[in-house]
Amino acid sequence: MTESTDLDRMAEEVRRAAEECGAMVLNSILASEHLAAVAVNGDTFPALIRHIRPRLLYMMLTKFDPIDEVAAHFEEEELDRALKKLADKWKTRDGQSSRLVLGLMADGVLHGIVETANWFDDFEEEAEALAEARAEEFRAAFERDQDAERVRRENEEKERWAPYVKKLTSDARFNAPKISAPKRMTLAESLFPDLDRTSLKKVVERATSQQWLGAK
């Protein structure tokens, strides 16, 4: 198990090895996206430095700040109640070493390692679980809003066309023998000359459905 004290020890041993070899330690991370790279065990990194004797060594030892880590994980500048609760839960780790990143170049190959404290892995798992729960809550709320909006629009449509439907279904010709959809459309056109064809179609469809449901 890797603890914060293990990270501090590794960092100190690396500094001593770098000093022995006259290597400069840069508090930075060497990007490896387009470089050949190999992983090196943190405990063997000092021996690697003494063997290769690099001129530059890249090292980043991160101290844990619960508020900053939570804000970074959720990409939020201000923490809400749930995020503050998560940060408060981990404030006992405030100031402890959480991650050690080491790297050096040798023969065009990046030799490096990213070592994290076990408790920091637990923090990230808990933060990710909270993120998934919040995402699910957001999706559920969005779906509820969508359903409510759909019902609202349907009610508005029903209210808008209700007078037309009532007038159309009240006309005896609407249920005349051998009535057909085209004939009902013609009837609607004669009753509501100001409506366009799309609106007339909606009125006829609603009136037909209403009559069908009433007849069952």
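Here is a chat between a reader and an author about a predicted model.

Reader: Let's start with the sheet. What makes β1 and β2 its edge strands?

Author: The sheet is an open one, and its five strands come in the order β1-β3-β4-β5-β2. β1 (24-26) and β2 (36-39) each pair on one side only, and that is what puts them at the edges. From one strand to the next, the twist averages 25 degrees.

Reader: How do you know that β1 pairs with β3?

Author: Two strands pair if there are at least two bridges between them. Between β1 and β3 there are three, and the strands run parallel. Val25, for instance, has Leu57 in β3 as its bridge partner.

Reader: And what makes β2 a partner of β5?

Author: The cut-off is at least two bridges, and four join β2 to β5 (residues 109-116). These strands run parallel. Val38 stands opposite His111, while Ala36 stands opposite Val109.

Reader: Why is the pairing called mixed?

Author: Go through the sheet pair by pair. β1 and β3 run parallel, and so do β2 and β5. β3 and β4, though, run antiparallel, joined by six bridges. β4 and β5 also pair in the antiparallel sense, over eight bridges. With both senses in one sheet, the pairing is mixed.

Reader: What joins β4 to β5 along the chain?

Author: They form a hairpin, with two residues between them. Asp107 sits in that turn and has a positive phi of about 55 degrees. Within the pair, Leu100 stands opposite Glu115 in β5.

Reader: How do you know that β5 is mostly covered?

Author: A residue is buried when its relative accessible area is under 20%. Six of the eight residues in β5 are buried. Helix α5 (residues 118-170) lies across β4 (97-106) and β5, and runs at about 110 degrees to β4.

Reader: Why does Ser97 count as buried?

Author: Its relative accessibility is 1%. Buried means under 20%, so Ser97 counts as buried. This serine is found in strand β4, and its contacts include Ser4, Leu7, Ala117 and Trp119.

Reader: What makes the link between Ser97 and Lys63 a polar contact?

Author: The side chains of Ser97 and Lys63 are joined at 2.7 Å, and the cut-off for such N or O pairs is within 3.5 Å. The two residues are also bridge partners, with Ser97 in β4.

Reader: On to the helices. Why are α1 and α2 called roughly parallel?

Author: They pack at an angle of about 10 degrees, with their axes 8 Å apart. Angles under 35 degrees count as roughly parallel, so that is the label for α1 and α2. On the α1 side the contact includes Glu13, Val14 and Ala17, and on the α2 side it includes Phe45, Pro46 and Ile49.

Reader: What makes Asp65 a cap for α3?

Author: Asp65 has a side-chain oxygen 3.1 Å from the backbone nitrogen of Ile67. The cut-off is within 3.5 Å, so Asp65 caps the N-terminal end of α3. Just after α3 comes Glu75, which takes a positive phi of about 55 degrees.

Reader: Which residues of α3 are buried, and what do they pack against?

Author: The buried ones are Pro66, Glu69, Val70, Ala71 and Phe74. They pack against β3, α4 and α5. Among the residues that Val70 touches are Leu79, Leu83 and Phe123.

Reader: Where does Val70 stand in the largest nonpolar core?

Author: That core has 34 residues, and Val70 is among those with the most contacts inside it, along with Phe45, Ile49 and Leu100. The elements that give two or more residues to this core include α2 (45-52), α3 (66-74) and β4. α1 gives the largest share, seven residues. Apart from this core lies another, of 14 residues, among them Trp161, Met185, Leu195 and Ala207.

Technical notes
Residues numbered from 1 in each chain as written. Predicted model: local features only at pLDDT ≥ 70, side-chain atom pairs only at ≥ 80, totals over all residues. Heavy atoms only, no water. Axes fitted to C-alpha atoms, helices over the stretch in contact; angles between N-to-C directions. Contact = heavy atoms within 4.5 Å. Core = buried A, V, L, I, M, F, W, Y, C linked by side-chain atoms within 4.5 Å. Buried < 20%, exposed > 50% of the residue type's maximum accessible area, 1.4 Å probe, protein only. Polar contact = N/O pair within 3.5 Å; in protein donor to acceptor, adjacent residues only side chain to side chain. Parallel < 35°, antiparallel > 145°, perpendicular 65-115°, else oblique. Lists of a residue's contacts leave out its neighbours within four places in sequence.
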